[in-house]
Amino acid sequence: HHSFSDLTAMAEQQQFYLLLGDLMSPDNNARKQAEETYDTIPGQTKITFLLQAVRDASAAEEVKQMAAVLLRRLLSSSFEEIYPGLTVEMQTAIKTELLTSIQQETSPNIRKKVCDIAAELSLADGRTCFIFRNFPGIFGNQQQHYMEVIKRMLVQCMQDQANPQIRTLAARAAASFVLSNESNTALLKHFADLLPGILQAVNESCYQSDDSVLKSLVEIADTAPKYLRPHLEPTLQLCLKLCADTNLTNMQRQLALEVIVTLSETAAAMLRKHTAIVAQIPQMLAMMVDLEDDEEWAMADELEDDDFDSNAVAGESALDRIACGLGGKIILPMIKQHIMQMLQNPDWKYRHAGLMALSAIGEGCHQQMEAILQEIVSFVLLFCSDPHPRVRYAACNAIGQMATDFAPTFQKKFHDKVISALLQTMEDQSNPRVQAHAAAALINFTEDCPKSLLVPYLDSLVQHLHVIMVAKLQELVQKGTKLVLEQVVTSIASVADTAEEKFVPYYDLFMPSLKHIVENAVQKELRLLRGKTIECISLIGLAVGKEKFMPDASDVMKLLLKTQTDFSDLEDDDPQISYMISAWARMCKILGKEFQQYLPVVMGPLLKTASIKPEVALLDTQDMENISEDDGWEFVNLGDQQSFGIKTAGLEEKATACQMLVCYAKELKEGFVEYTEQVVKLMVPLLKFYFHDDILFLEGGVHAAAAGVPGLGRPVGNHAFVCEGSEADGDARSPPSPGHVPVVTVALCLKCIELMGDGCLNNEHFEELGGILKGKLEEHFKNQELRQAKRQDEDYDEQVEESLQDEDENDVYILTKVSDILHSVFSSYKEKVLPWFEQLLQLIVQLICPNRPWADRQWGLCIFDDVVEHCSPSSFKYAEYFLRPMLQSLCDTSPEVRQAAAYGVGVMAQFGGESYRPFCTEALPLLVRVIQAADSRSKENVNATENCISAVGKVMRFRPECVNVSEILPHWLTWLPLNEDKEEAVHTFDFLCDLIESNNPIVLGPDNSNLPRIFLIIADGVANESVKSEDACSKRLANVIRQVQGSVGLWTQCMSTLNVAQQKAIQDLLNTA
């Protein structure tokens, strides 16, 4: 039992903690004694101790909670006695404490208690009482009634003239408050009048070199942009003012700019209405001129990333994002004049900034720039011969960027001018930095260049690249410089990749040197060069083909194997790893089945890379300050002071590795089987990870995980340019298709399921997969509702509609993946998977409701088609859910929906079983009506119509008892052959063979008079490649023709009705089948 004198004597917070502990003790005696001791402590001392406890981050949660409760009790029971007697410092400390707690407290429980205290405080201050008396139900819910109190308190504190620190804290607390209620629109409206105070604090604190309030404003722009609407004008004015003020630090100016940029992304429509502000966007260009003269620049061999925080880079990236956010309609006319003026400025920094700005806006102003591309390109090309090397560099940057943004139009229109300008710039021996960038721009150009356009330039391209390669190899030996060589090797790869077999004549010119580099460039600083060379060799091999490459193949394999065995010593971040992994897969494509012997060596590192577990973390905004983005973390702000961080290092390699696994599975088929089990173990959990929204957002938005997942074809390498700032020659930043990696994962899962058949997934896998698919479908419906809501928004305009359409496409894309996965599962597992499928049944039924968009109905029907095709006759137990919608969909206005429904009728006839008979009868006249409609063969309708024709054939073939065959058959023959849908064409030809071989009188006609017509159908089918020589039915068709050959008169009659192409097709069929 502690006496209070001990406490004072020791004045020990620790003692007080013990006391708080005893107050919570389950032992009644201990608790009672503690309460007596507590009561003896004088009020002000209690307050000091309790405040300390609430604020002590290291204290146990329950101790803090207890202290908050006691502090609140104390303030509410004896506020009048204690509070007025406190020193002003104490009173301020209490207010500060409460503001800080409201803002930082992570436990919602304690946060609520602290709000209670704040409420007591403000109530006791008396100024806010009348609000409660007059509007007790202002928000209805209990928590809301503190809101009013908190609001008053924040307003008072933001106006606390004596204490700047309290003003700042209050502004941050107000911002936190807005952020934690981002979705409560009524509340945000009600708190709108806090914003002027927050803005004032932003301005003040920036000049006290504190950017915390400005950071809060960025967060508001990100998660609750509508909150700024009533005071948007002053918000934007303030940010422009801060951004332009060169007395502030770069960081602060960039943060102020970030508010505007973020708004252009989160609330573009709202911002577009403020034309006066938008007109000041060219201010960013001024930041882009903020460059330093650097003597060493042109010779630098290592590319430092340290200028990523420079104003020039920030301005450029801001311009890129604003152009994408607000759209080219607004941005291009406004900025074009400024850029043109900059390009004519005698100071190189302005010309550099103008060219970089042109690179930056290409993506956002795509349509508008495309219209005046001629004028832009001819102007930019002049700068390839600018007197200043850094302007020449920027000109290469703009060309490289446009080659990517405007491909392939850019290549088609400007190939001659661009290629010669780049080759000339590449000869600039005294400025390796410029040479390297010209080579990089050339890579972008050739990558999207149609082969036929590139071929005429091959001689000259190859000659230039060879000369430079030889010169740079010597420099590497003499001075150790490698920057240009790294780029040139990739340029060669890119040219070979586009030229394909046309590269054969140049093969011997390059291969020896490239092999030499791989053998000898073993030092650590040459790892990137070696990786790129390995890539180049494998791409050239793929381009020239097995025959030309074979003599070198075993050498190359030896080199790769050697690197591979030394792999254990390679560090995890070694750039060679991802190049190696891609090179192996290309070798597999070149060698085909012969590659199987190497699988044991290759699979180890590959599986290791594919199973990298990305580090993912939920961080409080506070913690984020300790982790910088350079450590390879990317963040997504989730509002409410939290961020979702993902460590992207390794993600790109992981994606590549997954892609390579797909390649092996495809190329080696059964040769890959022994690995499928391991791969599936890896993939199912991955699906969950990749379908995680924030990650998809990361991939689409931050382009982290999927930044240019290298396909097997394309070289990777730092050769694309979007906005990477004046110096940092970073890597490709063009946004991938949303969720590129999940697609690879899905593809891989499907390959494995198909290869291994039904032994592939165990119950756990199924459970996990079911959960993922269910989540995706639920989200699909939720997203559609959200889009409908956005269409009702006050700022809705046609640009918003465009972006909603994009979101919609992305959603449908995910739906196609869900359908693909189900297809693989049904085709491998058949009926036994139906009980598992029932958890998804209602969601899929929802997809086919008549009021859903056509894509939903199309994919929903496709899923039911699979159920009928693979799970019959059991499928009939779900017939009540899909049969009516399927039959009604036969006459839908959307051809995609008609096609899915017609395919469904075909599989019902072929696989469905007895129960479906009445429906086949009912469907037939509907199918005929579609086929006979006036525009049934138009481009958009033809596929649906062909599926209807095939379905009619399947009903006659598999369910003849359901229809009057002799009546329908003559019509059916007139609808053949099918030209578009090759799979269905094969079904129709199979049936046709059945009919002819059984001497069906209707098909052959009286005296075989229909044979010429049948010849015509067969000839067209062969000419159109609907009948392939490897199909079984091509043999049967050839036999039909041989029989006719036996009767000379009939043969002549049949052949005379055919044109030359058709006659040739018949001959081809006889020769091959």
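# Salt bridges, a pocket and some unusual backbone spots

The structure holds 45 salt bridges. Keep in mind as you browse that this is a predicted model. No disulfides are counted, and the second largest pocket offers about 560 Å³ of space. The points below walk through charged pairs, cysteines, one enclosed helix, that pocket, and a handful of backbone details.

**Salt bridges**

- Side chains of opposite charge can pair when their charged atoms come close.
- Lysine 273 and aspartate 795 form one such salt bridge, with 3.2 Å from N to O.
- Lysine 273 sits in the loop between helix H16 (268-272) and helix H17 (275-278), while aspartate 795 sits in the loop between helix H40 (763-791) and helix H41 (798-829), so this pair ties together parts that are 522 residues apart in sequence.
- The two partners differ in their surroundings: lysine 273 is partly exposed at 47% relative accessibility, whereas aspartate 795 is buried at 3%.
- Both residues also belong to a network of salt bridges that links Lys226, Arg229, Lys273, Asp793, Glu794 and Asp795.
- Another salt bridge joins arginine 351 to aspartate 386, with 2.8 Å between the closest N and O atoms.
- Here arginine 351 comes from helix H21 (residues 348-361) and aspartate 386 from the loop between helix H23 (373-382) and helix H24 (389-405), so the contact ties together parts that are 35 residues apart in sequence.
- Arginine 351 is buried at 10% relative accessibility, and aspartate 386 is buried at 7%.
- Glutamate 914 and arginine 917 meet in a salt bridge as well, at 2.6 Å from N to O, and arginine 917 is partly exposed at 31% relative accessibility.

**Cysteines**

- How many disulfides does the count give? The count comes to zero.
- Cysteine 324 shows how this plays out: the nearest cysteine sulfur belongs to cysteine 365 and is 8.1 Å away, while a disulfide needs the two sulfur atoms within 2.5 Å.
- Cysteine 324 is partly exposed, with 39% relative accessibility.
- Cysteine 849 is partly exposed too, with a relative accessible area of 27%.

**Helix H13**

- Helix H13 (residues 212-223) has twelve residues, which at 1.5 Å a residue should span 16 Å; the end C-alpha atoms are 17 Å apart, in agreement with that expectation.
- Ten of the twelve residues of H13 are buried, so the helix is largely enclosed by the rest of the structure.
- Among the buried residues of H13 are Ser212, Leu214, Glu219, Ile220 and Thr223.
- Just before this helix, in the loop between helix H12 (195-207) and H13, lies serine 209.
- Serine 209 has a phi near 50°, a positive value in a residue other than glycine, and it is exposed at 63% relative accessible area.

**The second largest pocket**

- This pocket has about 560 Å³ of space and is lined by 20 residues, of which His823, Trp859, Cys862, Asp866 and Tyr903 are the closest to its centre.
- Which helices each supply at least two residues of the lining? They are helix H39 (740-756), H41, helix H43 (854-870), helix H45 (895-912) and helix H49 (982-997).
- H43 gives the largest share of the lining, namely six residues.
- By class, the lining has nine charged, six polar and five nonpolar residues.

**Cis peptide bonds and other backbone details**

- Alanine 407 and proline 408 are joined by a cis peptide bond, with omega about -10°.
- Alanine 407 is in the loop between H24 and helix H25 (409-425), and proline 408 lies in the loop between H24 and H25.
- Alanine 407 is partly exposed at 26% relative accessibility.
- The C-alpha atoms of alanine 407 and glutamate 447 are 9.3 Å apart in space, although 40 residues separate them in sequence.
- A cis peptide bond also runs from leucine 976 to proline 977, with omega near -10°; proline 977 lies in the loop between helix H48 (965-974) and H49.
- Glutamate 500, in the loop between helix H29 (483-499) and helix H30 (507-520), has a positive phi near 50° and is partly exposed at 37% relative accessible area.
- Valine 601 is in helix H34 (residues 599-610) and is partly exposed at 32% relative accessibility.
- The C-alpha atoms of valine 601 and leucine 561 are separated by 7.7 Å, with their positions 40 residues apart along the chain.

Note on methods
Residues are numbered from 1 along each chain as its sequence is written. This is a predicted model: local features need pLDDT of at least 70, side-chain atom pairs count only at pLDDT 80 or more; totals for chains, interfaces and linings use all residues. Side-chain values use heavy atoms; hydrogens and water are left out. Buried means under 20% relative accessible area, exposed over 50%, partly exposed in between (1.4 Å probe, protein chains only). A salt bridge is a side-chain nitrogen of Lys or Arg within 4 Å of a carboxyl oxygen of Asp or Glu. Helices (H or I, at least four residues) and strands (E, at least two) are DSSP runs, numbered from the N terminus. The expected span of a helix is 1.5 Å times one less than its number of residues. On a 1 Å grid over the protein atoms alone, a cavity is a set of points where a 1.4 Å probe fits but cannot get out, and a pocket is an open set with protein on both sides within 12 Å along at least five of seven lines; lining residues have an atom within 4 Å of a point. Grid points are joined across faces, edges and corners, and a volume is the space filled by probe spheres set on the points. Ala, Val, Leu, Ile, Met, Phe, Trp, Tyr, Cys and Pro count as nonpolar, Asp, Glu, Lys and Arg as charged, and the others, Gly among them, as polar.
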